[in-house]
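I opened a fresh notebook page for this one. Below are my entries, in the order I looked things up.

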Amino acid sequence: MNIASFSQSKYKNAATPGDDVAIILPGRVTAVFDGATDPTGASYDGLSSGRIAALAAANAVAEMSIKGTLQSCEAAALFQGISDILKCEAKRINASHPPSTTLAIVADLGDSFRLLLAGDSGVRLNGTKVLQHSKLIDKVSTSARIHVFKQLFALLGEGDAAEAKTRATIFSGLRAAVKAGIMTMPEAENVVAAAAVASGLQNDMDAVEEFLMGGIRVQPHYANRQGHVLGYASINGGQVIGEGLVDLTLAKDTVTSLEIFSDGYLSLPTGVDIADWEAEFARVEAVDFHKLDEFPSVKGSTSNEFSDDRTVICLKARS
């Protein structure tokens, strides 16, 4: 297959690397890893914990593909093995926030492909079928963030300032925002109610309130928390359980194209080339720069940053 790739840090000046990592080993494996942004802003020898997690996972997958274990290893053991590696990385760097990453892996089995996914990076098959998990906890954060941003933008009148204060509020939690005088408790309760309704969790208001009051800084408490309405599977050094895991095998003769992408792309293009993905990204930036309306997201863009890192690998069958 013909392979093309593109990756862009969230930082527009490209002075700082993002948290996405891609690997391409033709005939063996192609994959995208999206390390979770460390909301504390901590740096370890110049790297974020998210990038450290993505790099460690990428190295592990590359090694497994060379040894041949990637093709045959049972999915649960594979995901857990990578998570265990991240546990070691967390100890090595003495991380203040658990390093975690998504996985979107296409392993070459000769006459077929094996797709392995964990988290919200995705794969699109033949330009139509999309495999991408959407975490409910992110929908709650997004809904709350939009409500807070609109309130702060009306007060401050400037997008970058409103985005910065919104990110700080959603990270530290609504309880801290009330204590800091950013909002009143009734206003915070309105944010919780709005987020619960927007996420379809009116009957789980206590869970929504617990999370939003604590903020994204407490989100690791919900990772691999089976049975909780806001729980989700995560490659983060813990026991990997919950929703968002895929193990699928496809015969090569049924595949005309495969696109592997991180969630920095909020909309998918009609075409299957890099140029198509970037054109669609530019359209999204033009129509919803702050990511409030047509393309809601946990973060919006600013004059210095895109809303997220973005990476895509496009594989096309030779014509």
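**Entry 1: a lysine and its partner**

Is lysine 10 buried or exposed? I had to keep in mind that this is a predicted model. Lysine 10 counts as buried, because its relative accessibility is 2% and the cut-off for buried is under 20%. I then looked for where lysine 10 sits, and found it in the loop between strand 1 (2-8) and strand 2 (20-25).

Next I asked which side chain lysine 10 meets in a salt bridge. The partner is aspartate 19, at 3.6 Å from N to O. Aspartate 19 also turned out to be buried, because its relative accessibility is 3%.

I listed what else lysine 10 touches, leaving aside neighbours within four places in sequence. Besides Asp19, the contacts are Thr37, Lys299, Asn304, Glu305, Phe306, Asp308 and Asp309. I also noted a long jump in sequence: lysine 10 and serine 301 are 291 residues apart along the chain, yet 8.9 Å apart in space, C-alpha to C-alpha.

**Entry 2: salt bridges**

How many salt bridges does the count come to? I got 16. A reminder to myself: side chains of opposite charge can pair when their charged atoms come close.

I picked out glutamate 259 and arginine 124, whose side chains meet at 2.8 Å, N to O. Glutamate 259 belongs to strand 9 (residues 257-261) and arginine 124 to strand 6 (residues 122-125), so this pair ties together parts that lie 135 residues apart in sequence. I checked the accessibility of each partner. Glutamate 259 comes out at 0% and counts as buried, and arginine 124 counts as buried at 4%.

My next pick was arginine 167 with glutamate 305, a salt bridge of 2.9 Å, N to O. Arginine 167 is in helix 5 (residues 159-172), while glutamate 305 is in the loop between helix 9 (274-287) and strand 10 (310-316), so parts 138 residues apart in sequence are tied together here. I found that shared partners join Arg145, Glu163, Arg167 and Glu305 into one network of salt bridges. As for accessibility, arginine 167 is partly exposed at 23%, whereas glutamate 305 counts as buried at 19%. I also recognised Glu305 from the contact list of lysine 10.

**Entry 3: strand 9**

Having met glutamate 259 in strand 9, I went back to look at the whole strand. How many residues of strand 9 are buried? I found 5 of the 5, so strand 9 is largely enclosed by the rest of the structure. Ser257, Glu259 and Phe261 point one way, Leu258 and Ile260 point the other way, and all are buried.

Then I looked up the pairing. Strand 6 and strand 9 run antiparallel and are joined by 4 bridges. Within that pairing I noted valine 123, which stands opposite isoleucine 260 of strand 9. Strand 9 also pairs with strand 10, again in the antiparallel sense, over 5 bridges. There I wrote down phenylalanine 261, whose bridge partner in strand 10 is valine 312.

**Entry 4: an alanine in strand 3**

I moved on to alanine 31, which lies in strand 3 (residues 29-34). Alanine 31 is buried, with a relative accessible area of 0%. Which residues does alanine 31 contact, leaving aside neighbours within four places in sequence? My list reads Val21, Ala22, Ile23, Ala104, Ile105, Ile260 and Ile313. Ile260 is one of the residues of strand 9 I had just noted. Alanine 31 and glutamate 259 are 9.9 Å apart, C-alpha to C-alpha, with their places 228 residues apart in sequence.

**Entry 5: a serine in strand 5**

Serine 112 was a quick stop, and I found it in strand 5 (residues 112-118). Serine 112 is buried, with a relative accessible area of 10%. Neighbours within four places aside, serine 112 is in contact with Ala107, Thr249, Leu250, Ala251 and Lys252.

**Entry 6: a pocket**

Last, I turned to empty space. What is the volume of the second largest pocket? I have it down as about 160 Å³. The pocket is lined by 15 residues, and the closest to its centre are His228, Val229, Gly231, Tyr232 and Glu243. I sorted the lining by class and got 5 nonpolar, 7 polar and 3 charged residues.

Note on methods:
Residues are numbered from 1 along each chain as its sequence is written. This is a predicted model: local features need pLDDT of at least 70, side-chain atom pairs count only at pLDDT 80 or more; totals for chains, interfaces and linings use all residues. Side-chain values use heavy atoms; hydrogens and water are left out. A salt bridge is a side-chain nitrogen of Lys or Arg within 4 Å of a carboxyl oxygen of Asp or Glu. Buried means under 20% relative accessible area, exposed over 50%, partly exposed in between (1.4 Å probe, protein chains only). Helices (H or I, at least four residues) and strands (E, at least two) are DSSP runs, numbered from the N terminus. On a 1 Å grid over the protein atoms alone, a cavity is a set of points where a 1.4 Å probe fits but cannot get out, and a pocket is an open set with protein on both sides within 12 Å along at least five of seven lines; lining residues have an atom within 4 Å of a point. Grid points are joined across faces, edges and corners, and a volume is the space filled by probe spheres set on the points. Ala, Val, Leu, Ile, Met, Phe, Trp, Tyr, Cys and Pro count as nonpolar, Asp, Glu, Lys and Arg as charged, and the others, Gly among them, as polar. Contact means heavy atoms within 4.5 Å. Two strands pair if DSSP finds at least two bridges between them.
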